[in-house]
Amino acid sequence: MKKTLSIITLSIIGFGLVSCKKENKEAQVADAVATDSTATTTTPADSSTVAPVSAETTTPAPTSNQPLTTIALSESNFDFGKIKKGDKVEHVYEITNTGTNPLVISEVKPGCGCTAPDFTKEPILPGKKGKITLHFDSTNFDGAVNKYADVFANVEKAPIKLTFTANIQP
């Protein structure tokens, strides 16, 4: 019981300290820790095996009950180039419904809190276009950054990954 409570406490503290620079491997370690927390072993946990468990690792992907359709993106990657530290920039990704059913974007989930999404909320009819805008705040970054957002929609290979890069100058 104490081990489980310790892991939960460390997870909550760690979650508060997690930055936007978290790598995918940390999420994999967090999954392993979450799985291990139900074990009944008495081996003490050390700092190399305890990682914060975030909502990202426990939240299931949104599912859609809409009929599937197909899409075309104007681009899936954008380069902001050089921007000044502290700049707030945005880019619009255009999405076209190339299928025969309405396209419904259920969620756009950024990889970190430095990116905020806006997207077309109403169904996008076949042949019509919608928009996904990613707003990026460069305040906490220096140098080259690579960020992403996952787009959940009624398409076969969801989520769709949109990425952008920037070179943050002092």
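Colleague: Which pattern does the protein follow, read along the sequence?

Modeller: The pattern is α-α-α-β-β-β-β-β-β-β-β. That gives three helices and eight strands. Keep in mind that this is a predicted model.

Colleague: How many of the contacts join residues 24 or more positions apart?

Modeller: Take the contacts in the protein with a separation of 6 or more. Residues 24 or more positions apart account for 68% of them.

Colleague: What share of the residues counts as buried?

Modeller: Buried means under 20% relative accessible area. Of the 170 residues here, 30% meet that label. The accessible surface comes to about 10500 Å². Carbon and sulfur atoms hold 56% of that surface.

Colleague: Now the interior. Which residues touch the most other members of the largest nonpolar core?

Modeller: A nonpolar core is a set of buried residues of the nonpolar kinds, joined through side-chain atoms within 4.5 Å. The largest one here has 26 residues. Ile-105, Val-108, Ile-132, Leu-134 and Phe-136 touch the most other members.

Colleague: Which elements give two or more residues to this core?

Modeller: Strands do. They are E2 (77-84), E3 (88-97), E4 (105-110), E6 (129-137), E7 (143-153) and E8 (160-169). E8 provides the largest share, five residues.

Colleague: Pick one core residue. What does Ile-132 touch, leaving out residues up to four places away in sequence?

Modeller: On the earlier side of the sequence, Ile-132 meets His-91, Val-92, Tyr-93, Ile-95, Ile-105, Val-108, Asp-118 and Phe-119. Val-151 and Leu-162 complete its list.

Colleague: Let us turn to the loops. Where does Ser-138 lie?

Modeller: Ser-138 sits in the loop between E6 and E7.

Colleague: Is Ser-138 buried or exposed?

Modeller: Apply the cut-off: buried is under 20%. Ser-138 counts as buried because its relative accessibility is 0%.

Colleague: Which residues touch Ser-138, again leaving out those up to four places away in sequence?

Modeller: Ile-83, Lys-84, Lys-85, Gly-86, Asp-87 and Ile-168 do.

Colleague: Which backbone oxygens lie by a polar atom of the Ser-138 side chain?

Modeller: Two can be named. The backbone oxygen of Lys-84 lies 3.2 Å from a polar atom of that side chain. For the backbone oxygen of Asp-87, the distance to a polar atom of the Ser-138 side chain is 2.8 Å.

Colleague: One last backbone check. Which residues does a cis peptide bond join?

Modeller: Read omega. At the bond between Ala-158 and Pro-159 omega is about 0°, and the bond is cis. Pro-159 has its place in the loop between E7 and E8.

Technical notes
Residues numbered from 1 in each chain as written. Predicted model: local features only at pLDDT ≥ 70, side-chain atom pairs only at ≥ 80, totals over all residues. Heavy atoms only, no water. Buried < 20%, exposed > 50% of the residue type's maximum accessible area, 1.4 Å probe, protein only. Helix = DSSP H or I, 4+ residues; strand = E, 2+ residues; numbered from the N terminus. Contact = heavy atoms within 4.5 Å. Areas by Shrake-Rupley, 256 points an atom, 1.4 Å probe, with all protein chains shown as cover. Polar contact = N/O pair within 3.5 Å; in protein donor to acceptor, adjacent residues only side chain to side chain.
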